[in-house]
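Student: Hey, I've just opened this one and could use a quick tour. Can we go through it together?
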Amino acid sequence: MWDRIVQEAPDFFTYYNAIFVLQAMGRTLALTVIGCVAGFIFGFAIAAIRSTRARALLPLRLLVTVYVEIFRRIPFLVILFIVMFGIQAVSRGISLFAIALISICMVSTAFMSEIIRAGMESVPKMQREAAEAMNFGFMRTLLLVILPQAWKVILPPGFAFMVMFIKDTALVSQMGVVELAFTGKMFVGRGFSPFLVYGTVLAGYFVMSYPLSRLGAYLENRLATSRSRESIQRVWTGPGPVQSEPVGEQG
Amino acid sequence: MNYTFQFGVVFAQLPYLLGGALLTLEVAFLSFWLGAVIGLFGALGKMYGGRVIRWLINAYVVFFTNTPALVQIFFLFYALPDAGILLTPMTAVVIGMTLNSGAYLTDILRAGILSVRREEIETAQVLGMSGPQMVRFVILPHIAKTIYAPLSNFFIWLVLGSSMAAIFGVEELTGRAINISTQNLRTIETFSVIAVIYIALTFIASIALALVGRWAFRVRARIF
Amino acid sequence: MNLSVNKGEVISLIGPSGSGKSTFLRVLMGLLPPTAGEVRIDGGAIDYRSRPQLRAMRDRMAIVFQQYNLFQNMDVLRNVTIAPIKIKKRPRADVEREATALLLKVGLAEKHHAYPDELSGGQQQRVAIARALALKPEILLLDEVTAALDPELVTEVLDTIRSLASEGITMLIVSHEMAFVREVSTRVVMMDKGQVVEIGSPAEIFGSPKEARTREFVGKILRH
């Protein structure tokens, strides 16, 4: 086995292969970052909707809650299949990358909304009341009072989630999107030693994921003031399904 | 678009699919409990072990939590035969997921053990509890309470993650759905049905775990 | 309950815990929905279900809470100025000049850029009072503003309120500080179980209460 690795290594670690792998890594990162940013924006909207109390918005609250629950309880792989075949039934012109991205955004929205909701709930209710008594509107309360206090609680699990997502995107290789995990399949198909190939792919993921998880751990320590430390505890170990390990898909 | 949904052909295969769901639970169960054993030793080793042991455990946790389980299993399944180790798809998946959950559970269990406060142990000593009594009445209940929620979430995460096994040809829920859809060509319907099964499965798991938690550890667990 | 307040009056609400004093203030402020009854300002009834009316009413009132409720993410100056600038759309320079004067008045001139968690309870409560005053309310509601403070910090807050009373702001005070109530109030309202038991001048309520319930309550309090 070692002989094979040593023998193949010069053919494998070529300039063009390196470029190819790096591009694939770029695609993995793009999927992750776009997915997380979109997830943050839509997730924020969902968390904001769920924090309303008006009776008129009850159907909307119900709708987004059902959305969140559903997408956190279906394997990512299954969502990928449904979205892919669903979209292709309507139109053939959409690229696989776009389809993968849509699926990723749908899932990350559900998870991010839970993280953001937990963060918003960590801000004492009285803060909201004080703002209300001073005639702050819904959006002003959210943007000036709730979010500036909640972000410390949102960031650490947010980063943990992003790390998860880098790995989850590996499943996208199954539908033929040329990201990092796909390069593994491809090189093995060309006859390279799986040891060498998958070792490299694993290293590639590690290089992307490790710094992020360190940053997340650093932020968690750094941002934990006496008050928010309690809240982080609540998010990471506290009641209900909002915790450090998102109920989700493993990739 | 003129696509007409036909669920009939899928419903006819429901028993077959539910059989797959059973296998899904099996994979999740196996990797959860095997992972818990690794996690327990990992947590204890990380806290009380020597320098080398701590470093090794750390390396293990960091590696497995920072690389995709899918690629790890690819490695086990395709690369190990080169070294003369041949694994069936099922064993490769269970080993991969076990190693993964072992890494995560090391961290979760360690956080649980660390959460026991000195004052609690001192109080127990003041009350005149013996060593085993202390473990039974003070330390274990406390750890159980702290890690209960992350653990139950992690189990659900494993249920969903086990769908990966389909990629290696294991005929669990997702695998069987792929089998069916290649025959009846009703992919959207088939996968919608198993999506519902997954939702039901995880809900049942959530509720069951919440009940166990309430009964055994008096944890007020939320399902939503 | 039936209560009318004239401009410049200082009304104190007293009564046992749970008698509905704080609830009354919160309903007035629209933080709790009223179940029945009517609130009139300048003779016009307020419809609490109407957003614009609620906003207009809140525009004329301000409340100081028992737990201060300063915005933790803003420094003292911003806590005081944010509502006038963002909600009332007044020019920043004017608002800041007034805020500086207000903070001087409550004795916190040098704390402009401190954050709430760097201040003592008494200091926070005085900032909260300045924040309420910056809204230039016609009516100021004070909800047990000293209840959460350490005894030695109570005086500084009461001194602040006393000086406001002498300036002729209309105030509704919920307090358990009977000596203070007796001193600053123009009228005292005795409440029990959500009902008004008796309304009278401080001398009447504390000196010669008509109702047995008032006598009992005042007697119990003064004996302490």
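Tutor: Sure, and let's start with a term: buried area is the accessible area, taken with a 1.4 Å probe, that two parts lose on being put together, summed over both. One more thing before we go on: this is a predicted model.

Student: Okay, so how much area do chain C and chain A bury between them?
Tutor: About 1,900 Å², and 58% of that is on carbon and sulfur atoms. On the chain C side, F71(C), N73(C) and I87(C) supply 27% of the area buried against chain A, more than any other three residues.

Student: And how many residues are in contact there?
Tutor: Chain C puts 24 residues in contact with 17 residues of chain A.

Student: What about salt bridges and polar contacts between those two chains?
Tutor: There are two salt bridges between chain C and chain A. In one of them, E129(A) pairs with R26(C), with N to O at 2.6 Å. The two chains also have seven residue pairs in polar contact, counting pairs with both residues at pLDDT 80 or more.

Student: Which elements of chain C give two or more residues to that side?
Tutor: Those are α2 (51–60) and α3 (76–87) of chain C. The largest share, five residues, comes from α3(C). By class, the side of chain C that touches chain A has 11 nonpolar, five polar and eight charged residues.

Student: Where does chain B fit in?
Tutor: Two pairs of chains are in contact, and chains A and B share the most contacts. Chain B and chain C don't touch, and their nearest C-alpha atoms are 26 Å apart.

Student: Switching topic: which residues of helix α8 in chain A are buried?
Tutor: The helix runs over residues 180–189, and its buried residues are L180(A), A181(A), T183(A), G184(A) and F187(A). Looking down the axis of α8(A), you'd find them within an arc of 155 degrees, so they line one face of the helix.

Student: What do they pack against?
Tutor: In chain A, the buried residues of α8(A) pack against α1 (2–12), α2 (15–50) and α9 (194–223). They also pack against α4 (69–79) of chain B.

Student: And what follows α8(A)?
Tutor: G191(A) does, with a positive phi near 100 degrees.

Student: Back to salt bridges. How many does the structure hold over all chains?
Tutor: 26. Some of them form a network in chain A that links R50(A), E69(A), R72(A), R73(A), E114(A), R117(A) and E121(A).

Student: Are R186(B) and E189(B) buried or exposed?
Tutor: Both are buried. R186(B) and E189(B) form a salt bridge, with their closest N and O atoms 3.2 Å apart.

Student: What does E98(C) pair with?
Tutor: K136(C), in a salt bridge with N to O at 3.2 Å. That pair links distant parts of the chain, 38 residues apart: E98(C) is in helix α4 (residues 92–105), while K136(C) is in the loop between α5 (121–134) and β5 (139–143).

Student: Why does E98(C) count as partly exposed?
Tutor: Because its relative accessibility is 26%, and partly exposed covers the range between under 20% and over 50%.

Student: Last one: where do R162(C) and D159(C) lie?
Tutor: Both are in helix α6 (residues 151–165) of chain C, three residues apart, which is about one turn of the helix. They form a salt bridge, with the closest N and O atoms 2.7 Å apart. R162(C) is partly exposed at 28%, and D159(C) is partly exposed at 38%.

Note on methods
Residues are numbered from 1 along each chain as its sequence is written. Chains are lettered from A and ligands numbered from 1 in the order in which they are written. This is a predicted model: local features need pLDDT of at least 70, side-chain atom pairs count only at pLDDT 80 or more; totals for chains, interfaces and linings use all residues. Side-chain values use heavy atoms; hydrogens and water are left out. Contact means heavy atoms within 4.5 Å. A salt bridge is a side-chain nitrogen of Lys or Arg within 4 Å of a carboxyl oxygen of Asp or Glu. A polar contact is a pair of N or O atoms within 3.5 Å; within protein, one must be able to donate a hydrogen and the other to accept it, and residues adjacent in sequence count only if both atoms are side-chain atoms. Helices (H or I, at least four residues) and strands (E, at least two) are DSSP runs, numbered from the N terminus. Ala, Val, Leu, Ile, Met, Phe, Trp, Tyr, Cys and Pro count as nonpolar, Asp, Glu, Lys and Arg as charged, and the others, Gly among them, as polar. Buried means under 20% relative accessible area, exposed over 50%, partly exposed in between (1.4 Å probe, protein chains only). The arc is that of the directions from the helix axis to the C-beta atoms.
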